[in-house]
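Good morning, colleagues. I should like to take you through the charged pairs in this structure and then turn to its pockets.

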Amino acid sequence: MASTTDTKNYKFNHSMLRVKNPKESVKFYSFLGMSLIKKLEFPDAKFDLYFLGYDSPKAVSGGNNVWDREGLIELTHNYGTENDAEYKVNNGNVEPHRGFGHTCISVDNIQAACQRIEDAGYKFQKKLTDGRMRHIAFALDPDGYWVEIIGQKPLEETENVKETDVQTYRMNHTMLRVKDAEKSLKFYQKVLGMSLYRKHENQAAGFTLYFLGYPREKGVPGEGESTADREGLLELTWNHGTEKDESFKYHDGNSQPQGFGHICVSVDNLEAACARFESLNVSWKKRLTDGRMKNVAFVLDPDGYWVEVVQNERFTGKANF
């Protein structure tokens, strides 16, 4: 294998969430149209990992190897939590433990999609009709994580449509709050090699949203072009002024109380990618050589969120686990 790495080959593979009861969680994400792509069991360490994603012929990564995809959700189950009445995750949206905000799926017909979720008995943080933002909703997964729902078509167009096809859904993005937009953008663009797709500045409310991703064949979206039909984007939310407050810090999800764990990028050449990160002076949570798992590394973004780095098996032809 050549000892070079090209960020054009990188993929924003998954976002990891800890869950209390995997049966309930897998059922929920399956209801949203996802398939269980892979399950990894680590009985000695007393945890299992469930990788869910869109896998129909209409899906962007349909049929691909688990590491050769974008927009997966990894559910981590630590044995015993399902029977622990006290166990509750930190969903990232409650002070003083805010950090990770939500995952987001884009759907064909948003009114029908939200109705279907409601009819199944799932709860909403925000229904379409709540508040001023009438074009987005937030459903709650069984642990109380927020799942944003956005439409792939204009709201008016789907108003009277009663059906929805989950095979057309996308795991569109994962949102993280960041303290200093400039530092975070530099990290995700220069170090991880993502492109900035668009930014949405709301001066009145004092925040800016940045959407980044790996463009590959589709290229970076043009001015005003929707990104709702894509998968595996990263949304960074910057609340203006936090960068000036020395004591301000977001919760990384891995200190107590835990919830969100990490985002993960799969790369063409794991050793070369890590050598490149090293040369860019990244902060490491875990180098390849640390600990027992020699096939994963973790770098830290400027807010201390963990970014897992893993080999895309398509480039090596051999299994990671």
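Glu118 and Lys127 are joined by a salt bridge, with 3.2 Å between the closest N and O atoms. This is a predicted model. Glu118 is partly exposed, at a relative accessible area of 34%, and Lys127 is likewise partly exposed, at 33%.

A further salt bridge links Glu243 and Lys244, where the closest N and O atoms are 3.2 Å apart. Here Glu243 is partly exposed, with 26% relative accessibility, whereas Lys244 is exposed, at 70%.

In the whole structure, 12 salt bridges are found. Which parts does the pair of Asp68 and Arg314 tie together? Their side chains meet at 2.8 Å, N to O. Asp68 belongs to the loop between β3 and β4 and Arg314 to the segment after β16, so the salt bridge connects parts 246 residues apart in sequence. Asp68 counts as buried, since its relative accessibility is 7% and the limit for that class is under 20%. Lys11 joins Asp68 and Arg314 in a network of salt bridges.

I turn now to the pockets. The largest pocket holds about 1000 Å³ of space. It is lined by 35 residues, and those closest to its centre are Met133, His135, Ile136, Glu148 and Leu209. Its lining comprises 14 nonpolar, 14 polar and 7 charged residues.

The second largest pocket has a volume of about 610 Å³. Of its 24 lining residues, Phe47, Leu49, Met293, Val296 and Phe298 are the closest to the centre. This lining divides into 13 nonpolar, 5 polar and 6 charged residues.

Key:
Residues are numbered from 1 along each chain as its sequence is written. This is a predicted model: local features need pLDDT of at least 70, side-chain atom pairs count only at pLDDT 80 or more; totals for chains, interfaces and linings use all residues. Side-chain values use heavy atoms; hydrogens and water are left out. On a 1 Å grid over the protein atoms alone, a cavity is a set of points where a 1.4 Å probe fits but cannot get out, and a pocket is an open set with protein on both sides within 12 Å along at least five of seven lines; lining residues have an atom within 4 Å of a point. Grid points are joined across faces, edges and corners, and a volume is the space filled by probe spheres set on the points. Ala, Val, Leu, Ile, Met, Phe, Trp, Tyr, Cys and Pro count as nonpolar, Asp, Glu, Lys and Arg as charged, and the others, Gly among them, as polar. A salt bridge is a side-chain nitrogen of Lys or Arg within 4 Å of a carboxyl oxygen of Asp or Glu. Helices (H or I, at least four residues) and strands (E, at least two) are DSSP runs, numbered from the N terminus. Buried means under 20% relative accessible area, exposed over 50%, partly exposed in between (1.4 Å probe, protein chains only).
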